Amino acid sequence: MKRYTLGWYLGLMGLCMAVLLGCGDKPASDPEVEGEEKVSEALLYVIVPKLDHEEVYSGEAVQKVSFAEGESAKDLTLTDVQGHSVFLVKVNTQSSKVAAKDTGHGYTTPHAVSQNAGEGASRALSLPREDAGRAVSGNFVRGNQTFTRYDHTGAQEFTRNLPSLSPTRGLRENPLAAAALASLGDKRAFWVQDKADQWIQLPAVLRAVSPHSKVWVAEENYSELSEGETDNKLTQEQVQRFADKFEQIYQYETALFGYEYGGGLSPTDKRYGGVDGDPAVHILVYDIEYDYSPTQTMGVFGFYWAKDYYDQATLNTGQTTMKTNRAEIFYIDAFFSDIVADAIYSTLAHEFQHMINFNEKALQRQKISETWYDEMLSLLAEDVISPKIGIDYAN
């Protein structure tokens, strides 16, 4: 058994902080950096949570992982890490600069974690050299089953590369009269991606409203006859709960972070209601990525995509196939809404922070938060708000 000293612990934390400092906001007009070489090494640190704790980790406290020429990823398996903190420190040994968005990330492989992990549990840690996969943004436990939430890579990539589009171009201010806003029972077709990532129009019906939200459900994902939680269909009671929960989230989150575009303004303000003139935030519930399975345990729970702030002509100038829905809108998965509803309410808090952050930083101040910082704020929003809306910390 090894015992870590105070000096070792503080020294290592100093190194980790040195790596992390200075990674907050960047101007929306950041220039491209030069250099084709990416991250060539990664250091893995395992730190005990208490200074005098007898650690049970069986491996080396510090491991160095080097990448061969052309190698894109490595997998490591760590044992006896329960109760420990694992830090990944990326090191650029090349002489050229490397953009933060090109340095990849480390993430745990969900299926490598036992359902009831105790001492001696194993985790497979993937260390991509470049961002070639999805980032895991949360595991949610229900009974003895774990559900893993993935980030939507397209939405993240758009915000990362926003400098190619001016954050003030294509924004339409208060274009709709109140009489033209959607009412309960109205139908609308939304642009979404199918299983092959092709853009299709999905018919949906407005099923629930609150002062700050409108919940649309794809016709194929709604049924008042639904009695089970694995049929990928929601009832009216479930949909209304979405609107009610978001109303709770809205009051807490806007007090913490600010407002979405068009929110928190007087009706006489020309920006009131945002890009579609509707003061409500839209929530579209459907089968995200069309990957539904009755036994599904992982996937995209929900996402926010800043593309919807731009008109189609502006997106087309960026030589992209993306389609815009011209609204402040979230996309939420129907299956996970049914089987792990609390995880979806938490996801709404997570995504709402992204929506607020985009307005407060990109639109109002022409700044772009680094992805890690933006994600940290969203996880903070989940932690702070979840217990206030009836979600136990254990989940």
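The exercises below deal with salt bridges, one helix and the nonpolar core of a predicted model.

**Exercise 1.** Find which residue forms a salt bridge with Arg-149, and state where the two partners lie and whether they are buried or exposed.

Solution.
- Step 1: The partner is Glu-382, and the closest N and O atoms are 2.7 Å apart.
- Step 2: Arg-149 belongs to strand β9 (residues 145-150), while Glu-382 belongs to helix α7 (residues 371-385).
- Step 3: The partners are 233 residues apart, and the pair links distant parts of the chain.
- Step 4: Both Arg-149 and Glu-382 are buried.
- Step 5: This pair is one of eight salt bridges in the structure.

**Exercise 2.** Describe the salt bridge between Arg-241 and Glu-237, and classify each residue by its accessibility.

Solution.
- Step 1: The N to O distance between the side chains of Arg-241 and Glu-237 is 3.1 Å, which meets the cut-off of 4 Å.
- Step 2: Both residues sit in helix α3 (residues 236-257); because they are four residues apart there, about one helical turn separates them.
- Step 3: Arg-241 has a relative accessible area of 33% and is therefore partly exposed.
- Step 4: Glu-237 has 57% relative accessibility, so Glu-237 counts as exposed.

**Exercise 3.** Give the N to O distance for Lys-307 and Asp-308, and say whether the two are buried or exposed.

Solution.
- Step 1: The side chains of Lys-307 and Asp-308 form a salt bridge at 2.7 Å, N to O.
- Step 2: Lys-307 and Asp-308 are both buried.

**Exercise 4.** Compare the expected span of α7 with the distance between its end C-alpha atoms, then locate its buried residues around the axis.

Solution.
- Step 1: α7 has 15 residues, and at 1.5 Å a residue, counting one less than the number of residues, the expected span is 21 Å.
- Step 2: The end C-alpha atoms of α7 are 21 Å apart, so the two values agree.
- Step 3: The buried residues of α7 are Asp-374, Glu-375, Leu-377, Ser-378, Ala-381, Glu-382 and Ile-385.
- Step 4: These residues cover an arc of only 155° around the axis, so they lie on the same side of α7.
- Step 5: Among the elements covering them are β8 (136-142), β9, α2 (153-160), α3, α6 (341-365) and β17 (367-369).

**Exercise 5.** State how many residues the largest nonpolar core holds, and which of them touch the most other members.

Solution.
- Step 1: The core holds 67 residues.
- Step 2: Those touching the most other members are Val-215, Phe-242, Leu-284, Val-285, Tyr-286, Tyr-309 and Phe-330.
- Step 3: α6 supplies the largest share of this core, with eleven residues.

Definitions and conventions: Residues are numbered from 1 along each chain as its sequence is written. This is a predicted model: local features need pLDDT of at least 70, side-chain atom pairs count only at pLDDT 80 or more; totals for chains, interfaces and linings use all residues. Side-chain values use heavy atoms; hydrogens and water are left out. Helices (H or I, at least four residues) and strands (E, at least two) are DSSP runs, numbered from the N terminus. Buried means under 20% relative accessible area, exposed over 50%, partly exposed in between (1.4 Å probe, protein chains only). The arc is that of the directions from the helix axis to the C-beta atoms. Contact means heavy atoms within 4.5 Å. A nonpolar core is a set of buried Ala, Val, Leu, Ile, Met, Phe, Trp, Tyr and Cys residues joined through side-chain atoms within 4.5 Å.
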